[in-house]
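Could you walk me through this structure in my viewer, one selection at a time? I would like to know what to click on next and what I will find there.

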Amino acid sequence: KVAGLELTPTTPELRKRYNIKDGVDGVVVVRVDQGSKAAERFIQAGDTIIEVQRTPVKSVEDLTKRLGELKKDGRSNALFYVANAQGDLRYVTLPVE
């Protein structure tokens, strides 16, 4: 889990379950903890994290590595680029944990 999010790589099954459009690639949110900062910022199951701090992420490992780098640099927050299932994009700031 990262920032109250349960994440997994994009798979054909998840694309079908959440109706994720082709071309939306990254790490899929499969669960959001109630009361977490992610929930407060309206991230929901089926959203896809495409970038963290302007670095593309293709796996959970990419994402956790990037957050580790930011934490090491003294950052307390990170900018997530998130797509909903329809491909609408937005930036969301979440704490680096």
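Start by selecting Asp47, which is buried, with a relative accessible area of 2%. Keep in mind as you look around that this is a predicted model.

Now add Arg90 to your selection. Arg90 and Asp47 form a salt bridge, and their closest N and O atoms are 3.6 Å apart. Where in the chain do these two partners sit? Arg90 is in strand β6 (residues 89–95), while Asp47 belongs to the loop between α2 and β3 (48–52), so the pair ties together parts that are 43 residues apart in sequence. Is Arg90 buried or partly exposed? With a relative accessibility of 27%, Arg90 counts as partly exposed, whereas Asp47 is buried.

If you are wondering why such partners meet at all, side chains of opposite charge can pair when their charged atoms come close.

Next stop: helix α2. Select Lys37 and Glu40, whose side chains meet in a salt bridge of 3.7 Å, taken from N to O. Try tracing the helix from one residue to the other: they are three residues apart in α2 (residues 37–40), which means that about one helical turn separates them. Colour the pair by accessibility if your viewer allows. Glu40 is partly exposed, at a relative accessible area of 46%, and Lys37 is partly exposed as well, at 40%.

Move on to helix α3 and select Arg66 together with Glu69. This is another salt bridge, with 3.2 Å between the closest N and O atoms. How many residues apart are Arg66 and Glu69 in the helix? They are three residues apart in α3 (residues 60–72), so about one helical turn lies between them. Look at each partner in turn: Arg66 is buried, with a relative accessible area of 16%, but Glu69 counts as partly exposed at 33%.

For the last selection, go to the loop between β5 (77–83) and β6, where you will find Asn84. Asn84 has a relative accessibility of 17% and counts as buried, because the cut-off for buried is under 20%. Now show the backbone of Asp88 too. Its backbone nitrogen lies 2.9 Å from a polar atom of the Asn84 side chain.

Would you like to keep exploring? A search of the whole structure finds five salt bridges, among them Arg90 with Asp47, Lys37 with Glu40 and Arg66 with Glu69.

Note on methods. Residues numbered from 1 in each chain as written. Predicted model: local features only at pLDDT ≥ 70, side-chain atom pairs only at ≥ 80, totals over all residues. Heavy atoms only, no water. Salt bridge = Lys/Arg side-chain N within 4 Å of Asp/Glu carboxyl O. Helix = DSSP H or I, 4+ residues; strand = E, 2+ residues; numbered from the N terminus. Buried < 20%, exposed > 50% of the residue type's maximum accessible area, 1.4 Å probe, protein only. Polar contact = N/O pair within 3.5 Å; in protein donor to acceptor, adjacent residues only side chain to side chain.
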